[in-house]
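Work through these exercises with the model open beside you. Try each task before you read its solution.

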Amino acid sequence: MLLFVVAVFNLNVVPSIAANGGVTIWLWIISLLLFFWPQGIAVIELAHRYPGEGGVYLWAKEVFGDFHGFLSGWCYWTNNMLYVPTIMLYFVGVSVFILGSSHADLADSKPFALTASLVLLALLTFLNILGLGIGKWINNLGAIGTFIAAAVLIGLGLVIWSRFGTTITAADFKIPANPRFVLHSFGVVCFALIGLELASVMGDEIRDPARTLPGAVAWGGLLSGTLYVAATLTLLISVGKSVNVLQGVVQAVSGMAARVGVNWISVPFAVMLSLAIAGIGSAWIGGCARIPFVAGLDSYMPSWLGNVHPRYATPYAALIVQGIVSAVLVILNFAGGAGVQETFQNLLSLAVVLNLIPFVYMFVALAKFALTEPVPRGHYSRTTLFVAGTSGFLTTILGIALVFFQPQQTTSLWSYEIWMVGGTLFFIGLAAFFFFVYGRHKVPQQVHVATAASAVQASEARQEL
């Protein structure tokens, strides 16, 4: 159960959602019912039918064919090149509080934010190339730090509510007259609830998954949903709708700590949360670099992407490419005139689109099983598969569509739409190029893939000793 909570609960995106007001609470509830629970059913069903490694890549490939598997794995991989920079920017926004709240405005400085985020990105990429056992402790650091941050945030919120009450009224939970900003948040909410596909990686390590997974998903979802709703409410109670998407959590904790006379907690909290964010960023950098091995992408991409470092046995080529692409995306946004918060929102929004595409395949697969199999051979009945597949598919498509609505942190509708539409077409078009054009002129190197994967796994085993 805690594995799923760690995978799903992501405090980084809560401020950008809470900035749209109390109505976002309803979005959490709707998404939990119509997206998260169907996601749990899809993961359990697909992991039961196709227990091998590969997750979203393997499932789409087995059900719909090679290209769809490639596209699913490609989107899952490339979305991280957009998401990782948002973690770097979030780190910058939080870490400046270590110098004191009077330096909080430093995070809005484009030169400082750009330099600091690129330096951190380069450092974490370098550490992942070296290995150094960070694969074991960095995940624990990020997860533990996030839970402590959530506990402190929600705990202070309860203290403030019990002592001073709240200024939130029923009117704050109504749909605003201009709901476009709220509509955009729906896709981000769905994005925040992603993570159960981790079960496909851990399937061999879970005892009796057919029996334990459903209960773990149910309780993990309930706990994750409670944490998300509680964190959102706390930000609204302490800061209101003027939540800074990068500094909202520390902003809220500092403000509440001052009200109850524990100002000293702000700096230690900022230090702890900064380390946690760096840990999460490092884990994503290292994890998504290994997706080309799991998905078999090097059958359709340059073989040197599968190169493993001769000394550290890490996928250094893929790590370097990821770091360069992420850095270029950050620089392009800043060069286009976007501010720090706008750059964060642009990168996050495009990451949402790409990350939700594999889930379209997952939910359509459920509906296909329900409609084409006389007797379902999986874990769930035909009715359950059809309802979950239909609900999840429609909710995912809606989430993808609504994220194209302009978020309130952006200044130009046209530049945002050009970024979103152009970015989506670019990444999908690039996937089609590698599969249909490049892949036809390259001999698959299955032995190389297995060797690279084995080397990476051997490295990770040594790191855990």
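**Exercise 1.** Does Asn 128 count as buried or exposed, and why?

*Solution.* Note first that this is a predicted model. Step one: take the cut-off, under 20% relative accessible area for buried. Step two: look up the residue. Asn 128 has 7% relative accessibility. Step three: compare. Because 7% is under the cut-off of 20%, Asn 128 counts as buried.

**Exercise 2.** Find where Asn 128 sits, and what its side chain meets there.

*Solution.* Start with the place: Asn 128 belongs to helix H6. Now turn to the side chain. One of its polar atoms lies 2.8 Å from the backbone oxygen of Leu 124. Leu 124 is itself among the buried residues of H6.

**Exercise 3.** Describe helix H6 from start to end, and then the residue just after it.

*Solution.* First, the extent. H6 covers residues 110–130, which is 21 residues. Next, the span. From first C-alpha to last, H6 reaches 30 Å, close to the 30 Å expected at 1.5 Å a residue. Then, the buried positions. They include Ala 113, Ser 117, Leu 120 and Leu 121, as well as Ile 129 and Leu 130. Last, step past the end: Gly 131 has a positive phi of about 85°.

**Exercise 4.** Set the helix in its chain: how many helices and strands are there, and what percentage of residues is buried?

*Solution.* Count the elements: 18 helices, zero strands. Then take burial: 57% of the 465 residues are buried. Finish with the surface. The chain exposes about 18900 Å², and carbon and sulfur atoms supply 70% of that area.

Technical notes
Residues are numbered from 1 along each chain as its sequence is written. This is a predicted model: local features need pLDDT of at least 70, side-chain atom pairs count only at pLDDT 80 or more; totals for chains, interfaces and linings use all residues. Side-chain values use heavy atoms; hydrogens and water are left out. Helices (H or I, at least four residues) and strands (E, at least two) are DSSP runs, numbered from the N terminus. Buried means under 20% relative accessible area, exposed over 50%, partly exposed in between (1.4 Å probe, protein chains only). Accessible areas come from the Shrake-Rupley method with a 1.4 Å probe; for residues, only the protein chains shown count as cover. The expected span of a helix is 1.5 Å times one less than its number of residues. A polar contact is a pair of N or O atoms within 3.5 Å; within protein, one must be able to donate a hydrogen and the other to accept it, and residues adjacent in sequence count only if both atoms are side-chain atoms.
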